[in-house]
Amino acid sequence: MKLSDFDFHLPEELIATRPAKPRTSARLLLAEGDTIRDRHVRDLVEIFQPGDRLVLNNTKVIPARLTGTRTRPTGQGDAVAKIEVTLLEPGAQGWRAFAKPLRKLAEGEVIRFSDRLSATVAAKTETEVVLAFDTDDFDAALAEAGAMPLPPYIAAKRAPDAQDNDDYQTVFARHSGAVAAPTASLHFDAPLLEALRAKGVTFTEVTLHVGAGTFLPVKVEDVTTHKMHAEWGEVTEEAASEVNATRAAGGRVIPVGTTALRLIESAAASGTLQPWRGETDIFIYPGYRFQVTDALMTNFHLPKSTLLMLVSALMGEDTVRRIYGHAVAEGYRFFSYGDASLLIPAR
């Protein structure tokens, strides 16, 4: 299984830099077995069936992109330099973060981001720093000083703005900790969720804090040797019970997004979903046997990405090539702010 097997040509103009408005107006590619249909997200009320259970990732994206300054005394007075930081994840010493320019930072230095938010460089490696923040109300200070950490392929085209604070957050976000959004879930709004409930569709929430590693490229030609980044997640006892009850009743379990799928598959290694809490680095590629997933709602993924390998494992490599060929030919919008697909493998 080679990395080149998961490559495809994507025209630059198909990369979405803003989401569809309203959220449910996004297009939806419905792939059921070998059949492909062009629909819209709002049509999910017709597509889903009573007894289906959607698994939602309720992680909340933090405004992890920060711009600050460091100050050093010189013979000519204080020298002030700009520092750009992207938070990655919290640890025992503080927050792991990317910093630019990294080489000019020294351990013990203070970076000031606002009047309410500053941090000391607690540790430094060749690739990142650990920042110890000194505020009592970190979440509020970060909300004031930070910006949404847009994916690299959007950030390269435009800077984040106030609109992204809403656009890059799901309507059911509850638990802060992600530095990237579970983007398939961005297509849902409150009226759609209510309409699905009225249809008899049920919901289970799980938490997986999506990390910046989700954007790291695969660098090995033999994809089976790739090592995934680890992300923290939790499946509660209630969530496991709900999913298992749906399976026992013959209903379909449909994760919304690859993050929700990877989490429940991590927690179902025994064949039954178990309460689970910890870090997962599960890597799903063709040949994987799914334990609890019956279908998947997801956006369109990057060429040569682990997420493209995941959907290929679910639907089959040839089918995914057809799906992506159709999506490109029909002008679907790609990646985090793009359109959606609902993938239902043949039984």
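User: Strands here are DSSP runs of E with at least two residues, and helices are runs of H or I with at least four, both numbered from the N terminus. In this predicted model, in which loop is P101 found?

Analyst: The model is predicted. P101 is joined to K100 by a cis peptide bond, with omega about 0°. The loop that holds P101 lies between β7 (95-100) and β8 (110-112).

User: Which residue does a cis peptide bond join to K21?

Analyst: Most peptide bonds are trans. The bond that follows K21 is cis, with omega about -10°. Its partner has its place in the segment before β1. The residue joined to K21 is P22.

User: Which helix supplies the largest share of the largest nonpolar core?

Analyst: This core has 46 residues, and Y168, F300, V311, I323, Y324 and F334 touch the most other members. Elements that each supply at least two of its residues are β1 (27-32), α3 (152-155), α8 (306-315) and α9 (317-329). The largest share, 7 residues, comes from α8.

User: How many residues are in the second, separate core?

Analyst: Among the members of this other core are L44, F188, L196 and I344. It is separate from the largest one, and its residue count is 25.

User: How many of the residues of α8 are buried?

Analyst: The buried set includes T306 and S312 as well as L307, V311 and M315. These buried residues pack against β1, α7 (258-266), β16 (296-299), α9 and β17 (340-344). The helix is mostly covered, and its buried count is 10 of 10.

User: At what angle do α8 and α9 pack?

Analyst: From α8, the residues L308, V311, S312 and M315 meet E317, T319, V320, I323 and Y324 of α9. By class, this contact has 6 nonpolar, 2 polar and 1 charged residues. The crossing is right-handed. The axes are 7 Å apart, and the angle is about 120°.

User: What phi does G316 take?

Analyst: G316 comes just after α8. It is also one of the residues that V311 touches, along with L296, T298, H301, V320, Y324 and L343. The phi of G316 is positive, at about 100°.

User: Is F335 buried or exposed?

Analyst: F335 is found in the loop between α9 and β17, and its phi is near 75°, a positive value in a residue other than glycine. The cut-off for buried is under 20% relative accessible area. Because its relative accessibility is 6%, F335 counts as buried.

User: What kind of aromatic pair do F334 and F335 form?

Analyst: The structure holds 14 aromatic pairs. F334 and F335 are both buried, and they belong to one aromatic cluster with F8, Y153, F300, Y324 and Y332. Their centres are 6.0 Å apart with 90° between the planes, and the pair is edge-to-face.

User: How does K304 count at 34% relative accessibility?

Analyst: K304 has its place in the loop between β16 and α8, with a positive phi near 65°. Buried means under 20% and exposed over 50%. At 34%, K304 falls in between and so counts as partly exposed.

User: What distance separates the C-alpha atoms of R289 and E231?

Analyst: R289 has its place in the loop between β15 (276-280) and β16, and at 70% relative accessibility it counts as exposed. R289 and E231 are 58 residues apart along the chain. Their C-alpha atoms are separated by 21 Å.

Notes. Residues are numbered from 1 along each chain as its sequence is written. This is a predicted model: local features need pLDDT of at least 70, side-chain atom pairs count only at pLDDT 80 or more; totals for chains, interfaces and linings use all residues. Side-chain values use heavy atoms; hydrogens and water are left out. A nonpolar core is a set of buried Ala, Val, Leu, Ile, Met, Phe, Trp, Tyr and Cys residues joined through side-chain atoms within 4.5 Å. Buried means under 20% relative accessible area, exposed over 50%, partly exposed in between (1.4 Å probe, protein chains only). Contact means heavy atoms within 4.5 Å. Axes are lines fitted to C-alpha atoms, for helices over the stretch in contact, and angles run from 0 to 180 degrees between N-to-C directions. A crossing is left-handed if the near helix is turned anticlockwise from the far one by less than a right angle, and right-handed if clockwise. Ala, Val, Leu, Ile, Met, Phe, Trp, Tyr, Cys and Pro count as nonpolar, Asp, Glu, Lys and Arg as charged, and the others, Gly among them, as polar. Rings of Phe, Tyr and Trp (its six-membered ring) pair if their centres lie within 6.5 Å; planes under 30 degrees apart count as stacked, over 60 as edge-to-face and the rest as tilted. Lists of a residue's contacts leave out its neighbours within four places in sequence.
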